[in-house]
Amino acid sequence: MDKIIKLNDEIELDIVDLGDAGEGIGKYENFAVFVEDTVPGDKVLVKITKAKKSFAKGQVIKLIKESELRQDAPCKYFEDCGGCQIQNIKYENQLKLKENKVSNIIKRIGGFTGVEINPIIGMENSFRYRNKGAFVVSKIDGKVVIGLYKKKSHEVIPVDDCLIQDEKVKDILEGVKKHIIKFDVKVYNRKNNSGLVRNVVVRKSEATGEYMVIIVTNGSKLPMSKVLAKTLVEGNDKIVSVYQNINKKHSSEILGEDSKLLFGQEKIIDEIDGLKFEISPLSFYQVNSVQTEKLYKKALEYCNLSREELVIDLYSGIGTISLLLAREAKEVIGIESVKPAVVDARQNAKINNIENARFMRAKAEDKLPELVKDGFKPEVIVLDPPRVGCDKKVLDAILEVKPEKIVYVSCKPSTLARDLKILCESGEYTLEEVTPVDMFGHSAHVETVVKLIKA
Ligand code: SAH
């Protein structure tokens, strides 16, 4: 059979949906065409650049009609920068699109037709929300620049103020740049792995307003490093920790394994719902503290605990959800595969004087079946897997142990829907609630928390 769409075809298209990377999706006789730089509601003329069996990609030749959801992006770097993808859509429309996306996928992939999706929990301030920023140090035409990568490239664009970062970050970056120029410090060259200063990472505790600054270098010597730390701190007395991190790898990973404290505290401490979490240069921590608290509180509400329950928290990271659960459960077991995260989780339990949470370093797909075999009977299972979702062995073990409730936190609606389908097709569970949460304004990502109860 002839393909509906062929390479180099020119077609008119209504953009009807938002793809995972923020691109527009048009439907041509029910065939999905992905088109960058378009927004749902646009009418465009596109040239087909890729034609596959199940989808195609197209490039805009002409914008025939502009979507009403559009706005001029507030950030002047939006067109080039690879950071935000949908700043050209008004925030309230971004929220609506994300909510629809979750709803459509739950229906289409999960097969749940009668489930009401709750309104998305949006941000009060959709800018300046990140508590962590990683910037690239480079040289353009012999001049030192600090910025971000261009879309789909390793070319750096100088950025003096990133609107989703904290306001003070720009002064910190300026301070580092001045130091590099003043002391003629070498700048890292990504092509041949030479030079010294690679990145500047800034982390902030939302609770205390304190900052940690990390200068990443391709070598252990950083000229006048103590002077740099002193200058930064003099410019901002909320900087309580300055590190040099050493990364000699010729790769796109930002941080290396070794960190040298140049000034102040080893850690900064953030709080979620009254619990403290230590942040060190290498710790994983959710980047939007305000929305994280809302997401976790929703998960907690869905668990509805009464201090009697054993709860298993799968993919527990640094123990954030586990420790919140521990305050309301009899016992919590967190399972996490990454060792430093487990170490952080145990330390976080300690600083919060929580004794009824323990953490196991293992893959969820290995550990949960083992615990079930050993007779553990959790009343509630919470899961927060990475984007790939759960291994089938995890779902099988859940169906075998049959907890009263399952609360699933997901960063990818399609894998969530796939997993929910498996859990509910068994006839054991009913999907009771679905709430999308916006953790990353101006990007196409959406987080979702759902509650399943015994059928
Ligand atoms: N619940 C945590 C972390 C969620 S991110 C929080 O909200 O902060 C997902 C976590 O799953 C990461 O910490 C990752 O290291 C871990 N992970 C990935 N694959 C895993 C697996 N197969 N088994 C257990 N943990 C895994």
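Two exercises with worked solutions follow, on helix packing and on the ligand site.

The model is predicted, with local features requiring pLDDT of at least 70, side-chain atom pairs pLDDT 80 or more, and totals for chains, interfaces and linings using all residues. Residues are numbered from 1 along each chain as its sequence is written, and side-chain values use heavy atoms, without hydrogens and water.

**Exercise 1.** Describe the packing of helix α1 against helix α9.

*Solution.* Step 1: locate the helices, which are DSSP runs (H or I, at least four residues) numbered from the N terminus; α1 covers residues 91-108 and α9 residues 413-425.
Step 2: state the geometry. The angle is about 35° and the axes are 9 Å apart, the axes being lines fitted to C-alpha atoms over the stretch in contact, with angles from 0 to 180 degrees between N-to-C directions.
Step 3: list the contact (heavy atoms within 4.5 Å). Val102, Ile105 and Ile106 of α1 meet Pro413, Ser414, Leu416, Ala417 and Leu420 of α9.

**Exercise 2.** Identify the residues closest to the ligand and its polar contacts with side chains.

*Solution.* Step 1: of 17 surrounding residues (a heavy atom within 4 Å), the closest are Tyr296, Glu336, Ala364, Glu365 and Asp384.
Step 2: apply the polar-contact limit (N or O atoms within 3.5 Å). Ligand oxygen atoms lie 2.3 Å from a polar side-chain atom of Tyr296, 2.6 Å from one of Glu336 and 3.1 Å from one of Gln286.

Definitions and conventions. Helices (H or I, at least four residues) and strands (E, at least two) are DSSP runs, numbered from the N terminus. A polar contact is a pair of N or O atoms within 3.5 Å; within protein, one must be able to donate a hydrogen and the other to accept it, and residues adjacent in sequence count only if both atoms are side-chain atoms.
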